[in-house]
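Visitor: I've got this one open on my screen and I'd like a close look at its cysteine pairs. Could you walk me through that part, and put it in context as you go?

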Amino acid sequence: MKMQTSLLMVLLSTQFASGSAVSYPRAQNVTWISTNFKTLLTWEPKPSDDYSYTVEFSVAGGDQQRNFNCIRSNATVCDLSVYLYPLDSCYTADVLSEPPLGTTSDDTEFPHTTSPRFCPYQDTEIGRPDFNLSVNEDKKTITLSVTDPPTALFKDDRQQNIRDIFSDELQYKVMYRKKKSTGTKTYLSKSSVIEMTDLDKVYSPAVFAGGILFMLLVIGLLIPVTVILWKKKRKALKSGTAGRPLRVV
């Protein structure tokens, strides 16, 4: 009788162990990376053959959604660029650790890690724009023609640039100074074509863009040229920060 009781306890213990939930490692360092609205969710570590990752995301207060490319995948990155609409809303994502694709499980809940909040309109970084610089024949007018950086977003089969998205919120800030002088003057332009007039030869215009320095020979002077993107002050006031520049990389 004692042997039968021990055998029954062993059987019950084995059944309990076989029916218990498997604990998969949780994702770590869940991070948003976004430049020109190309938005990736990344995390680590790379999974073993024993489990996979699924990404669920939602707008604040909304229902969870999935990108079918990020379901039970062994990747550690998920492209959510075209899913985060509207752009001026905020989102969070969960990275779930689940069984590998093709494997069944009786479990209904799996370990997960929640991302920080991400707001595309405010948080995406703006890449350095390309531009051309030309000098008028009078040697006192300089024209900067800036190419608005393209984004990862499309509308009506056309790729959008940052001006399509920010509209009149987008401005370029031009700073210029006399050669060998520390004093600078500034000029804000809503246009991508920036014309600086009545400049004397002793002035060096500098257009600031993410701290990247170029050296160009203009009007016989060696001048630094960079570029900075600004939102309109009224938008900055809404966020409580006056004159805050867009992130630039």
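Before we zoom in, what percentage of the 249 residues of the protein chain count as buried?

Guide: Happy to. The answer to your opener is 40% of the 249 residues. Keep in mind that this is a predicted model, with a mean pLDDT of 75 for the protein chain. Residues at 70 or more make up 68% of the chain. As for the general layout, the secondary structure comes to four helices and 18 strands. If you take the contacts between residues at least 6 apart in sequence, 56% of them join residues at least 24 apart.

Now to the cysteines. Searching the whole structure turns up two disulfides. Number the bonded cysteines in sequence order and the pairing reads 1-2, 3-4.

Let's take Cys70 and Cys78 to begin with. Their sulfur atoms sit 2.1 Å apart, which is within the 2.5 Å cut-off for calling a disulfide. The torsion about their S-S bond is about 100°, so this disulfide is right-handed. As for whether they are buried or exposed, both Cys70 and Cys78 are buried.

The other pair is Cys90 and Cys119, with sulfur atoms 2.0 Å apart. Here the link is right-handed too, with 100° about the S-S bond. This pair ties together distant parts of the chain, 29 residues apart. Cys90 is in the loop between strand E5 (77-79) and strand E6 (91-98), while Cys119 is in the loop between strand E7 (112-114) and helix H2 (120-123). Once again, both partners are buried, Cys90 as well as Cys119.

Strand E5 has come up already, and there is a sheet to go with it. Three strands make an open sheet in the order E1-E2-E5, with antiparallel pairing. Strand E1 (28-35) and E5 are at the edges, each with a single partner strand, so each has one side without a neighbour in the sheet. From one strand to the next, the twist averages 15°. If you'd like to trace one of the pairings by eye, try E1 with strand E2 (residues 38-44): they pair in the antiparallel sense over six bridges. One bridge to look for is Trp32 with its partner Leu41 in E2. In general, strands of a sheet pair through backbone hydrogen bonds.

While you're zoomed in, have a look at Glu56 too, in strand E3 (residues 52-59). Its relative accessible area is 17%, and the limit for buried is under 20%, so Glu56 counts as buried. Glu56 also has a partner for its side chain: a polar contact of 2.8 Å joins it to the side chain of Arg66. Setting aside residues up to four places away in sequence, Glu56 touches Gln64, Gln65, Arg66, Thr92, Ala93, Asp94 and Leu96.

Finally, a word on where to go easy. Over residues 208-226 the pLDDT stays under 50, though the model has 60 contacts there beyond four places in sequence. Residues 232-249 have pLDDT below 50 as well, with 42 contacts beyond near neighbours in sequence. Where pLDDT is low, the predicted coordinates should not be read in detail.

Conventions:
Residues are numbered from 1 along each chain as its sequence is written. This is a predicted model: local features need pLDDT of at least 70, side-chain atom pairs count only at pLDDT 80 or more; totals for chains, interfaces and linings use all residues. Side-chain values use heavy atoms; hydrogens and water are left out. Buried means under 20% relative accessible area, exposed over 50%, partly exposed in between (1.4 Å probe, protein chains only). Helices (H or I, at least four residues) and strands (E, at least two) are DSSP runs, numbered from the N terminus. A polar contact is a pair of N or O atoms within 3.5 Å; within protein, one must be able to donate a hydrogen and the other to accept it, and residues adjacent in sequence count only if both atoms are side-chain atoms. Contact means heavy atoms within 4.5 Å. pLDDT is the predictor's confidence in each residue, from 0 to 100. Two strands pair if DSSP finds at least two bridges between them. Axes are lines fitted to C-alpha atoms, for helices over the stretch in contact, and angles run from 0 to 180 degrees between N-to-C directions.
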